[in-house]
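Here are a few exercises to work through at your own pace. Open the structure in your viewer and try each task before you read its solution.

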Amino acid sequence: MLSKALPDYKAIYDAYFSFAQQHFSAADMVHADREGIFNDTLWHKAGEMSLHGLPVDEASGGRGYSAMQSCAAIEGFAKGCTDNGLTFSILAHAAASTVPLYLHGSDGQRRELLPLLAQGKVITCNAITEAGSGSNVYEMSTLAERTADGYTIKGGKCYITNAPVSDYVLLYCMTDVTKGFFGGVSAFILPADTDGLQRGPVKSKMGLRTVHMSEIMLDNVAAAEAQLLGKEGAGAVIFNESMVWEKTMMCAMNLGQLERVYENTLAFCKKRKLKGKALLNLTNIAHDMADVKVAINAARGLVYDAACAIDMRAKDALQRSSVAKCFVTENAVKCIQKMQVIYGGAGYLAENNIEREYRDMYAALLYSGTADIQRNIIIGHSN
Ligand SMILES: Cc1cc2nc3c(=O)[nH]c(=O)nc-3n(C[C@H](O)[C@H](O)[C@H](O)COP(=O)(O)OP(=O)(O)OC[C@H]3O[C@@H](n4cnc5c(N)ncnc54)[C@H](O)[C@@H]3O)c2cc1C
């Protein structure tokens with residue numbers, strides 16, 4: 001007999017897919033991509049389905065979903081929403097700001113901020129990367145020095161998704177250099193208009209051009225103790241936990257995007273005729289498409305394995321999220337490149353979208369840690 005839980009996942013996936021198809025698939029993405037247009041209205045609209053806070057309890061504005069249910073929602077949404085930058089922007093906020101606030105916020109922070117974050121009423125960014133500390137996050141140099149009534153923060157962050165449009169910044173700083181990354185790093189949640197906190201100009205990027213990214217400069221920013229997220233020194237634990245969620249949720253997003261590109265390409269292969277026969281009759285093309293389908297199904301298995309590890313509070317949840325990230329991102333990029341070739345010259349034209357899908361997916365090789373770093377984690381956490 002089928003598990004009773006199964007129709008639940010399907011209902012969630014279907015609901016988010018329909019929502020995205022109805023409201024998030026109409027935009028002229030060629031224009032939006034070329035001009036780098038962030039769709040603020042749609043960003044907030046996604047709050048109607050609490051996409052910004054799926055695991056947060058309903059009383060605080062979320063859906064109270066497990067990680068597996070959250071992934072079903074994200075997979076469906078990402079398949080239906082043609083603006084990959086927008087989906088990425090929402091999920092960066094959801095995974096790396098809403099989830100940490102939900103799990104580690106003080107009563108006051110949760111009461112005041114959590115409903116705003118979970119329902120997408122405010123936009124946040126999370127800032128850990130620095131010019132001299134990306135993969136090697138433990139070498140961060142942004143300092144939060146103790147003062148009589150809190151902290152003074154000096155330093156800078158780069159590659160920060162959502163920074164130019166954010167209302168709040170989840171900022172990781174060194175509070176005790178003698179302790180290093182574990183114990184020495186703390187997380188702060190600060191209004192983005194705090195004195196001394198400045199955002200640089202929007203960066204021009206290869207892909208995900210509809211989500212805005214910039215540097216953040218921190219020049220003697222005053223932070224109160226009440227703006228710490230969790231205790232002083234808890235930043236590394238909060239960050240690592242948020243990365244497990246982020247990698248898992250982003251992989252569900254990559255999966256949804258890949259499913260959409262696969263279905264569109266399959267339709268193209270059936271429609272496009274060479275010598276009167278559909279492209280799909282060519283064995284090489286049929287096999288390429290079969291290989292993409294194999295990768296999609298394998299990726300789905302690993303996304304839900306990582307989500308299951310979160311739900312089970314499994315000790316190897318970090319490792320399993322890295323396994324998913326390695327496989328899903330590398331295969332998603334390879335698959336889209338393979339499908340782009342199937343379009344022939346048409347695949348090189350912006351109007352057919354596949355070149356944008358490739359550029360957008362390429363970013364997955366970098367954000368939330370490169371595949372090299374995921375492999376280091378996988379081996380570092382193997383017995
Ligand atoms: C689209 C996008 C969005 C992003 N959003 C955010 C954000 O919102 N917030 C944020 O804080 N950051 C963000 N980042 C930054 C991202 O997390 C870093 O770019 C990433 O972790 C890599 O760091 P780096 O760029 O400094 O590269 P480096 O660390 O300099 O790496 C360079 C190369 O060396 C390899 N390498 C480095 N160290 C090792 C090692 N120990 N073993 C093996 N190989 C290694 C890497 O794999 C890579 O190939 C974003 C980046 C992108 C592209």
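The exercises below use a predicted model and go from domains to ligand, core and helix.

**Exercise 1. Divide the chain into domains and describe how domain 1 and domain 3 meet.**

Solution. Start with the bounds: domain 1 covers 5-122, domain 2 covers 125-232 and domain 3 covers 236-380. Next, take the centres of domain 1 and domain 3 over C-alpha atoms; they are 20 Å apart. The contact involves 26 residues from domain 1 and 26 residues from domain 3. On the domain 1 side, the elements giving two or more residues are α2 (29-35), α4 (67-80) and α5 (84-104). Of these, α5 supplies the largest share, with 12 residues. Finally, sort that side by class: 16 residues are nonpolar, seven are polar and three are charged.

**Exercise 2. Which residues come nearest to the ligand, and which elements give two or more residues to the shell?**

Solution. The shell holds 21 residues, and G134, S135, T161, T370 and D372 come nearest. Two or more residues come from each of β1 (124-127), β3 (150-161) and α12 (371-380). Now step up to domains: domain 2 and domain 3 each give at least three residues to the shell. By class, the shell around the ligand counts 11 nonpolar, nine polar and one charged residues.

**Exercise 3. Find the largest nonpolar core and the helix that gives it the largest share.**

Solution. The largest nonpolar core has 119 residues. Those with the most contacts inside this core are C71, F77, L91, V169, F188, M249 and V303. Helix α8 (residues 235-271) gives the largest share, 16 residues. To see one of the well-connected residues up close, pick L91: beyond its neighbours within four places in sequence, L91 contacts I74, M249, M250 and M253. As background, nonpolar side chains in soluble globular proteins tend to be buried together.

**Exercise 4. Compare the span of α8 with the expected value, then decide whether N254 is buried or exposed.**

Solution. With 37 residues, α8 spans 53 Å from its first C-alpha to its last, close to the 54 Å expected at 1.5 Å a residue. The helix is mostly covered, with 27 of its 37 residues buried. N254 lies in α8. Count its surroundings: N254 is buried because 30 other C-beta atoms lie within 10 Å, and the cut-off for buried is 20 or more. Leaving aside neighbours within four places in sequence, N254 contacts V328, T329, A332, M361 and A364. For a last check, N254 and A299 are 45 residues apart in sequence, with their C-alpha atoms 9.3 Å apart in space.

Note on methods: Residues are numbered from 1 along each chain as its sequence is written. This is a predicted model: local features need pLDDT of at least 70, side-chain atom pairs count only at pLDDT 80 or more; totals for chains, interfaces and linings use all residues. A residue is near a molecule or strand if its C-beta atom, placed from the backbone, lies within 6 Å of it. Helices (H or I, at least four residues) and strands (E, at least two) are DSSP runs, numbered from the N terminus. Ala, Val, Leu, Ile, Met, Phe, Trp, Tyr, Cys and Pro count as nonpolar, Asp, Glu, Lys and Arg as charged, and the others, Gly among them, as polar. Domain bounds come from an automatic or database domain assignment. Two residues are in contact if their C-beta atoms, placed from the backbone, lie within 7 Å. A nonpolar core is a set of buried Ala, Val, Leu, Ile, Met, Phe, Trp, Tyr and Cys residues joined through C-beta atoms within 7 Å. A residue is buried if 20 or more other C-beta atoms lie within 10 Å of its own, exposed if 12 or fewer, and partly exposed in between; C-beta atoms are placed from the backbone. The expected span of a helix is 1.5 Å times one less than its number of residues.
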